[in-house]
Amino acid sequence: MTAPAERIAAATLAVTGVTGLASGTPAQLASTYLPGRRIVGVREQDGHVEIHVVADAAIASLPDLAEEIRQAVRLGHPDADEIDVHIDDLHQIIDLRDGLTPDHDPADTDVLDQTRRSPR
């Protein structure tokens with residue numbers, strides 16, 4: 001049987017723009033402890049849900065992302081009185097091929113050649 005915190009985590013991670021769950025601040029860790037496992041980034045108690053996420057840095061509007069997360073969580077957890085979404089960090093997605101950013105033009109062979117050469 002899936003615990004509510006697991007369903008909340010799954011709904012949150014399914015939202016485009018969420019790259020992961022975060023553990024909260026050192027002073028206030030956000031986790032749910034279940035038998036044999038821990039759900040990091042989700043704390044649920046008495047109808048109050050607290051979610052800590054890492055967002056894609058390319059997202060145009062973080063408030064809109066937070067609202068999308070709230071809506072996704074409400075679908076699977078309709079009895080939540082309050083859903084607080086905390087965006088704890090931003091994650092910039094880069095193309096790891098040759099360490100180039102996604103907007104790099106692959107046809108630019110001069111840059112590719114320079115990145116592949118080791119300094120002498």
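**Exercise 1. Two helices that cross**

Task: Find out which hand the crossing of helices α1 and α2 has, and describe how the two helices are placed.

Solution: Let's start with the hand: α1 and α2 cross in a right-handed way. Keep in mind as you look that this is a predicted model.

Step 1. Two packed helices are described by the angle between their axes and the distance between the axes. Here α1 covers residues 4-13 and α2 covers residues 62-76. Their axes come within 9 Å, and the crossing angle is roughly 140 degrees.

Step 2. Now name the arrangement. An angle over 145 degrees would count as roughly antiparallel, and 65 to 115 as roughly perpendicular. The angle of roughly 140 degrees fits neither range, and α1 and α2 are therefore oblique to each other.

Step 3. Look at who meets whom. From α1 come R7, I8, A11 and T12, while α2 brings I69, A72, V73 and G76. Sorted by class, this contact has 5 nonpolar, 2 polar and 1 charged residues.

**Exercise 2. A threonine in a strand**

Task: Decide whether T32 is buried or exposed, and list what T32 contacts beyond its sequence neighbours.

Solution: Step 1. Locate the residue: T32 sits in strand β4, which spans residues 31-34.

Step 2. Check the accessible area. T32 has a relative value of 15%, and buried means under 20%, so T32 is buried.

Step 3. Collect the partners. With neighbours within four places in sequence set aside, T32 is in contact with A5, R37, R38, I39, V42, R43 and E44. For V42 there is a further detail: its backbone oxygen lies 2.5 Å from the side chain of T32.

**Exercise 3. Following the trail to E44**

Task: E44 was one of the contacts of T32; work out which side chain makes a polar contact with the side chain of E44.

Solution: Step 1. E44 belongs to strand β6, residues 42-45. Its relative accessible area is 30%, so E44 is partly exposed.

Step 2. Leaving out residues up to four places away in sequence, E44 touches P4, I8, T32, V49 and H77.

Step 3. The polar partner is H77, whose side chain is 3.3 Å from that of E44.

Step 4. Compare chain and space: A5 and E44 are 39 residues apart along the chain, yet their C-alpha atoms are separated by 6.8 Å.

**Exercise 4. The whole protein**

Task: How many helices and strands are there, and in which pattern do they follow each other?

Solution: Step 1. Count 3 helices and 8 strands.

Step 2. Along the sequence they read α-β-β-β-β-β-β-β-α-β-α.

Step 3. Of the 120 residues, 32% are buried.

Technical notes
Residues are numbered from 1 along each chain as its sequence is written. This is a predicted model: local features need pLDDT of at least 70, side-chain atom pairs count only at pLDDT 80 or more; totals for chains, interfaces and linings use all residues. Side-chain values use heavy atoms; hydrogens and water are left out. Axes are lines fitted to C-alpha atoms, for helices over the stretch in contact, and angles run from 0 to 180 degrees between N-to-C directions. Helices (H or I, at least four residues) and strands (E, at least two) are DSSP runs, numbered from the N terminus. Angles under 35 degrees count as roughly parallel, over 145 as roughly antiparallel, 65 to 115 as roughly perpendicular and the rest as oblique. A crossing is left-handed if the near helix is turned anticlockwise from the far one by less than a right angle, and right-handed if clockwise. Contact means heavy atoms within 4.5 Å. Ala, Val, Leu, Ile, Met, Phe, Trp, Tyr, Cys and Pro count as nonpolar, Asp, Glu, Lys and Arg as charged, and the others, Gly among them, as polar. Buried means under 20% relative accessible area, exposed over 50%, partly exposed in between (1.4 Å probe, protein chains only). A polar contact is a pair of N or O atoms within 3.5 Å; within protein, one must be able to donate a hydrogen and the other to accept it, and residues adjacent in sequence count only if both atoms are side-chain atoms.
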